[in-house]
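Have your viewer ready with the cartoon shown and the side chains at hand. We will go from stop to stop, selecting a few residues each time and looking at what surrounds them.

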Amino acid sequence: PRRGFFVAKNNGQTLAEAPDDILERAYRAVARDRLAGGLPQEVKETDLRARYGLTKAQLYLLLGRIMQEGWIERRAGYGWVFTEMLTTSEALAESFRLRRVLEPASLLEPGYHLEQATIDECRRTELALLQGSFATIPVDALFERGTRFHESLVGGSHNRFFLDTIRRVNRIRRLLSYEAMDDRSRYVRQAEEHLALLDLLEAGKTTEA
């Protein structure tokens, strides 16, 4: 009595957005605006805060995430600058061509081996997708599922340069990939292909994979 906090009685108002929801909403808005040309290459923190309704702390978390993904950099002295390479669909096509060369080559590395635990985890994820989660899973989680699968396959090569390259490419292609994820029906076929790959690798048939 007379101290601490008490849960208020329901007065019909909805709860405010959770912090993670606010940041995800802002992240997607920045990505859309940047790709659509609605944001200049050089931006100021005050302008971003006002445009997306963020606190200073929220903006720093958002910019930190975007910087880690490689599509914005801090300017010397003041402000931020978006990188050039992520503003066109050609950049996404280039990343696909790189992966089409690198990933098959990683499977042919001497001593390639994918741990059974990794195969089992990847298989569970793909089966869950086939069972219906592809229609409801958040786009961020859908992208992460794809990157985990491909990085796991490349990781079986035990070639640190291959793995480092695929991780860098995946960080860079995240922004453009989000915009290409509207058609989710293709993920059913993709999951089936991933499961077929896992079956081949489990049987030691890396050339066929």
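Start by selecting Arg145, which you will find in helix H6; helices here are DSSP runs of H or I with at least four residues, strands are E runs of at least two, and both are numbered from the N terminus. Before you go on, note that this is a predicted model, in which local features need pLDDT of at least 70 and side-chain atom pairs count only at pLDDT 80 or more, while totals for chains, interfaces and linings use all residues. Residues are numbered from 1 along each chain as its sequence is written, and side-chain values use heavy atoms, with hydrogens and water left out.

**Stop 1: around Arg145**

Is Arg145 buried or exposed? Arg145 is buried, because its relative accessible area is 3% (buried means under 20%, exposed over 50% and partly exposed in between, with a 1.4 Å probe and protein chains only). Now show its surroundings: setting aside residues up to four places away in sequence, Arg145 touches Thr125, Glu126, Leu129, Tyr187, Gln190, Ala191 and His194. Contact means heavy atoms within 4.5 Å. Draw a distance from Arg145 to Thr125: the C-alpha atoms are 7.5 Å apart, and the two positions lie 20 residues apart in sequence numbering.

**Stop 2: H5 against H6**

Widen the selection to helix H5 (residues 116–130) and helix H6 (residues 139–155), which pack at an angle of about 150° with their axes 11 Å apart. The axes are lines fitted to C-alpha atoms, for helices over the stretch in contact, and angles run from 0 to 180 degrees between N-to-C directions. Which residues make the contact? From H5 they are Thr118, Cys122, Thr125, Glu126 and Leu129, and from H6 they are Leu142, Arg145, Phe149 and Ser152. Colour them by type and you will see four nonpolar, three polar and two charged; Ala, Val, Leu, Ile, Met, Phe, Trp, Tyr, Cys and Pro count as nonpolar, Asp, Glu, Lys and Arg as charged, and the others, Gly among them, as polar.

**Stop 3: the loop after H6**

Next, select His158, in the loop between H6 and helix H7 (160–179). This residue is not a glycine, yet its phi is positive, at about 60°. Most residues other than glycine have a negative phi. His158 counts as exposed because its relative accessibility is 58%.

**Stop 4: into H7**

Follow the chain to Val169, which sits in helix H7. Val169 is buried, with a relative accessible area of 12%. Leaving out residues up to four places away in sequence, Val169 touches Ser95, Leu98 and Arg99. Add Gly70 to the view: Val169 and Gly70 are 99 residues apart along the chain, and their C-alpha atoms are separated by 9.6 Å.

**Stop 5: Glu103**

Move to Glu103 in helix H4 (residues 89–107). What does Glu103 contact, apart from its neighbours within four places in sequence? The partners are His150, Val154 and Ile166. Glu103 counts as buried because its relative accessibility is 12%.

**Stop 6: the sheet**

Now pick out the three strands, which form an open antiparallel sheet in the order S1-S3-S2. Strand S1 (42–43) and strand S2 (72–74) are the edge strands, each pairing on one side only; two strands pair if DSSP finds at least two bridges between them. Three bridges join S2 to strand S3 (residues 80–82), and Arg74 has Trp80 in S3 as its bridge partner.

**Last stop: the whole chain**

Zoom out to see eight helices and three strands, running α-β-α-α-β-β-α-α-α-α-α from the N terminus. Buried residues make up 35% of the 209 residues in the chain. Of the contacts between residues at least 6 apart in sequence, 73% join residues at least 24 apart.
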